[in-house]
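Trainee: Could you take me through this structure step by step, so that I learn how to reason from it?

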Amino acid sequence: MRPLGVHTSIKNTLLNSIAEAVELKCTTFQIFLHSPQVWKIPEFEQSLIEEFRKQREYYALNPLVVHASYLINLISSNPKTIASSRFLLKREVLASDSIGADYYVIHLKDNKDMNKDEIYTKTKEGFDKIEFLSNCKILLENTAKSKITARIPDLFETFERVRNNNIAGVCIDTCHLFAAGYDLGKDEGIESFINDMEKYGDFTLIKMIHLNDSKTSSGSGIDRHEHIGKGYIGEAGFIKFLKIQALSSLPLILETPKKSLQDDLKNLSVVRAILRKLKS
Ligand SMILES: [Zn+2]
Ligand SMILES: [Zn+2]
């Protein structure tokens, strides 16, 4: 079966994420390196990194995905914010590489007062400051509303314009796709996603999927994740989406609402049931 996991917590220790992933019988997992709303990023001790790598290998959790924090804004109109963002981006990406992460997933910021060329130039400058990474590859995630990353043609144009040796492809989030106007609950929405991918995108550049239902209607431009099958995409939408042949071996990571691990367990069981049904 394809890799399936959730976004896990590193509260108290980095190792907590592995414990959660194992308890939920995940085969892949995602983490933040620190609280995603603050600039401060702690340094991991070498001994902790080694233990983390050892446990992750033992439990065969692949891939390991790090999600970028939300403050990073490489195109801010405030030069200080750009400097802090470049610094944090580099620190996060190098830390991801050091713990053996396969992917570092980031949402790029949009700016309504800036044209695409300006955005691309500034964004690329930020990424180009990072030296070549040994393990980790950067992925650009589609977003709910943006002129550079919401619709498939824009996302792939952006990828082509900012790519370098560290940026390997994209991560597709189903909630964001839905909010951006691809109504995955309907055959037409699935077809329009596939048509855009064939015309403007490249399926081989999609490296992983964020599987989330949506609390808001298609085209709302609002990013609110919902439990799988309980939102506007619905179970029927996920069955259609997970049937797409070109995506059928990609890792799936859930970022659904979570008060306790029970929530993850429920969502995972819905996805596992769909995957079993599709295989039989
Ligand atoms: Zn996501
Ligand atoms: Zn989201």
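Trainee: Why is the arrangement of the four donor atoms around the zinc ion (ligand 2) given the class it has?

Mentor: This is a predicted model, and its protein donors for the zinc ion (ligand 2) are His 176 (NE2), Asp 223 (OD), Asp 223 (OD) and His 225 (NE2), lying 2.0 to 2.4 Å from the ion. Four donors count as tetrahedral if all angles lie between 85 and 135 degrees. Here the four donor atoms subtend angles of 55 to 136°, which makes the arrangement irregular.

Trainee: Which parts of the chain do His 176 and Asp 223 link?

Mentor: The donor residues of the zinc ion (ligand 2) follow the spacing H-x46-D-x1-H in sequence. His 176 sits in helix H6 (residues 174-179), while Asp 223, 47 residues apart from it, belongs to the loop between strand S8 (213-214) and strand S9 (225-226).

Trainee: Is His 176 buried or exposed?

Mentor: The cut-off for buried is under 20% relative accessible area. Asp 223, at 32% relative accessibility, counts as partly exposed, whereas His 176 has a relative accessible area of 1% and is therefore buried.

Trainee: What is the volume of the largest pocket?

Mentor: The largest pocket is lined by 27 residues, and among those nearest its centre are His 176 and Asp 223. Its lining divides into eight nonpolar, ten polar and nine charged residues, and the volume of the largest pocket is about 580 Å³.

Trainee: Which helix gives the largest share of the lining of the second largest pocket?

Mentor: The second largest pocket holds about 200 Å³ of space, and its lining includes Leu 275, Leu 278 and Lys 279. The largest share of that lining, three residues, comes from helix H9 (residues 261-279).

Conventions:
Residues numbered from 1 in each chain as written. Chains lettered and ligands numbered in written order. Predicted model: local features only at pLDDT ≥ 70, side-chain atom pairs only at ≥ 80, totals over all residues. Heavy atoms only, no water. Donors = N, O, S within 2.8 Å, 3.2 Å for Na, K, Ca; no water. Tetrahedral: all angles 85-135°; square planar, octahedral: opposite > 155°, others 65-115°. Helix = DSSP H or I, 4+ residues; strand = E, 2+ residues; numbered from the N terminus. Buried < 20%, exposed > 50% of the residue type's maximum accessible area, 1.4 Å probe, protein only. 1 Å grid on protein atoms, 1.4 Å probe; cavity = no way out; pocket = protein on both sides within 12 Å on 5 of 7 lines; lining within 4 Å. Points joined across faces, edges and corners; volume = space filled by probe spheres on them. Nonpolar A, V, L, I, M, F, W, Y, C, P; charged D, E, K, R; others polar.
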